[in-house]
Amino acid sequence: MTILSHWRALAFLIVTLSATPAGAQDGQRVTITGEISDTWCSISGLMFARGTAHHQCAIWCALGGIPVSIRDPAGNLYLILKIGDDDESAANPRVARMATHQVTVDGELLERDGVKYLLVDRIADDKGVIDMTHEEHGIQPFGN
């Protein structure tokens, strides 16, 4: 099984468990501002860049099924489980189009085992792609 298949299976499991009333927990209403980021590059350290420097990679990861997160200015990651009435989150073209955008969202925050999950109700603001090159960010791919 490839890494991508593992991520798809994980995303499916997360969505399935979040939709199960017996396993549901009450969430907290929140407004989060940050960059739409692909979770794989953020967690693995494979790619630390942001904005335009990471835009194409983030789109490929999102369309490939890698879960998408919002990274706030403090570095916290919020894994997006769903946006609005969309039936799917992983490999969702709507989410992929927002890769590396600076957004503000309203939704419900769920936390379990130290992981923060978001059920986004609406995107309150979308400032577009963060303009930051590799040179401005100071870190190149595959390095830390």
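Q: In which loop does Thr-100 lie?
A: In this predicted model, Thr-100 lies in the loop that runs between helix H4 (93-97) and strand S4 (101-112).

Q: What is the phi of Thr-100, and does the residue count as buried or exposed?
A: Phi of Thr-100 is near 65°, which is a positive value in a residue other than glycine. Buried means under 20% relative accessible area, and Thr-100 counts as buried because its relative accessibility is 0%.

Q: Where is Asp-113 found, and what is its phi?
A: Asp-113 is found in the loop between S4 and strand S5 (115-129), and although Asp-113 is not a glycine, its phi is positive, at about 50°.

Q: Is Asp-113 buried or exposed?
A: Exposed means over 50% relative accessible area, and Asp-113 counts as exposed because its relative accessibility is 76%.

Q: How should one read the pairing of strands, and in what order do the five strands close into a barrel?
A: Strands of a sheet pair through backbone hydrogen bonds, and the pairing may be either parallel or antiparallel. In this structure, five strands close into a barrel in the order S1-S2-S3-S5-S4, with mixed pairing. From one strand to the next, the twist averages 55°.

Q: How many bridges join strand S1 to strand S2, and do these strands run parallel or antiparallel?
A: Strand S1 (residues 28-38) and strand S2 (residues 68-71) run antiparallel and are joined by four bridges.

Q: Which residue in S2 does Ser-37 stand opposite?
A: Ser-37 stands opposite Ser-69, which belongs to S2.

Methods
Residues are numbered from 1 along each chain as its sequence is written. This is a predicted model: local features need pLDDT of at least 70, side-chain atom pairs count only at pLDDT 80 or more; totals for chains, interfaces and linings use all residues. Side-chain values use heavy atoms; hydrogens and water are left out. Helices (H or I, at least four residues) and strands (E, at least two) are DSSP runs, numbered from the N terminus. Buried means under 20% relative accessible area, exposed over 50%, partly exposed in between (1.4 Å probe, protein chains only). Two strands pair if DSSP finds at least two bridges between them. Axes are lines fitted to C-alpha atoms, for helices over the stretch in contact, and angles run from 0 to 180 degrees between N-to-C directions.
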